[in-house]
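Thanks for coming. I have a few minutes on one chain, and I will go through its loops, its salt bridges and one helix pair. Please have the structure open while I talk.

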Amino acid sequence: MEKTEFEHIATAIRERARNTALASSLTMEEAEDVAQDVMLKLWTLHDEIKGKDGAFSLANAMTRHLVIDYYRKNRSISIDLKINLIDEKNATPDKDYEYQENEEWLLHKMKALPSKEYQILRLRQVEQKSNEEIANILGIEKKSVATMLSRARIKLLKDIKRRIN
């Protein structure tokens, strides 16, 4: 597809992508983000697209996939490194100190993990990256990410159990 032809239909493609994202229960801002991502990806592929129908079909498929990716990313629950278990009304200096000590202990235990396991745990739990994204960032296989993440979590759980007992 020629550059001028792409520019001619770009507005219509963007509008359709936004409407498709809105129909998938995204907010207007989220739908705009999805539409923008679709347009960027289409622009990088515009030389390979065959005609107007091909562009619309590809944009529609990209939009659906980006909406699914959005829901997958936002579905995961992150553990925040700041543990806020303090009841503000009943907070006492000794309880504050205890919670602070527990937080420091947990951070120390996390940093004591092997570096790859710590990186994977941090990328997954704090930065909310998917296993595939982590694998790409670290240059390892997706299966290895899942295995190392599991090992890190098991080690932390064992340390927590030992500390409680």
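Let me start with Gln128, which sits in the loop between helix 5, residues 115-125, and helix 6. One caveat before I go on: this is a predicted model. The phi of Gln128 is near 55 degrees, a positive value, and the residue is not a glycine. For context, most residues other than glycine have a negative phi. Is Gln128 buried, exposed or in between? Gln128 is partly exposed, and its relative accessible area is 32%.

There is another loop residue to look at, Ser25. Ser25 is located in the loop that joins helix 1, 3-23, to helix 2, 28-45. Its phi is positive as well, about 75 degrees, although Ser25 is not a glycine. With a relative accessible area of 62%, Ser25 is exposed, since the cut-off for that class is over 50%.

Now go back to helix 6, just after the Gln128 loop. Helix 6 covers residues 131-138 and packs against helix 7, residues 142-164. What is the angle between them? The angle is about 105 degrees, and the axes are 8 Å apart. Angles of 65 to 115 degrees count as roughly perpendicular, so helix 6 and helix 7 fall into that class. On the helix 6 side, the residues in contact are Asn131, Glu132, Ile134 and Ala135. On the helix 7 side, they are Lys142, Val145, Ala146 and Leu149. Sorted by class, this contact has 5 nonpolar residues, 1 polar and 2 charged.

Next, salt bridges. How many are there? The count comes to 5, and I will take three of them in turn.

Staying with helix 7, Arg162 and Asp159 form a salt bridge through their side chains, at 2.8 Å from N to O. Both residues belong to helix 7 and are 3 residues apart, about one turn of the helix. Their surroundings differ in accessibility: Arg162 is exposed, with a relative accessible area of 59%, whereas Asp159 is buried, at 15%.

Helix 7 also supplies Lys155, whose side chain meets that of Glu117 in a salt bridge of 3.1 Å, N to O. This pair links distant parts of the chain, with Lys155 in helix 7, Glu117 in helix 5, and the two positions 38 residues apart. Which class does Glu117 fall into, buried or exposed? Glu117 has a relative accessibility of 5%, and therefore counts as buried, the cut-off being under 20%. Its partner Lys155 is partly exposed, with a relative accessible area of 34%.

The last pair takes us to the helices on either side of the Ser25 loop. The side chains of Glu32 and Arg18 meet in a salt bridge of 3.6 Å, again N to O. Glu32 lies in helix 2 and Arg18 in helix 1, so this salt bridge ties together parts that are 14 residues apart in sequence. Glu32 is partly exposed, with a relative accessible area of 23%. Arg18 is partly exposed too, at 21%. The pair does not stand alone: Arg14, Arg18 and Glu32 are linked in a network of salt bridges.

That is what I have. If you want one view to keep on screen for the discussion, I suggest the roughly perpendicular pair, helix 6 and helix 7.

Key:
Residues are numbered from 1 along each chain as its sequence is written. This is a predicted model: local features need pLDDT of at least 70, side-chain atom pairs count only at pLDDT 80 or more; totals for chains, interfaces and linings use all residues. Side-chain values use heavy atoms; hydrogens and water are left out. Axes are lines fitted to C-alpha atoms, for helices over the stretch in contact, and angles run from 0 to 180 degrees between N-to-C directions. Helices (H or I, at least four residues) and strands (E, at least two) are DSSP runs, numbered from the N terminus. Angles under 35 degrees count as roughly parallel, over 145 as roughly antiparallel, 65 to 115 as roughly perpendicular and the rest as oblique. Contact means heavy atoms within 4.5 Å. Ala, Val, Leu, Ile, Met, Phe, Trp, Tyr, Cys and Pro count as nonpolar, Asp, Glu, Lys and Arg as charged, and the others, Gly among them, as polar. Buried means under 20% relative accessible area, exposed over 50%, partly exposed in between (1.4 Å probe, protein chains only). A salt bridge is a side-chain nitrogen of Lys or Arg within 4 Å of a carboxyl oxygen of Asp or Glu.
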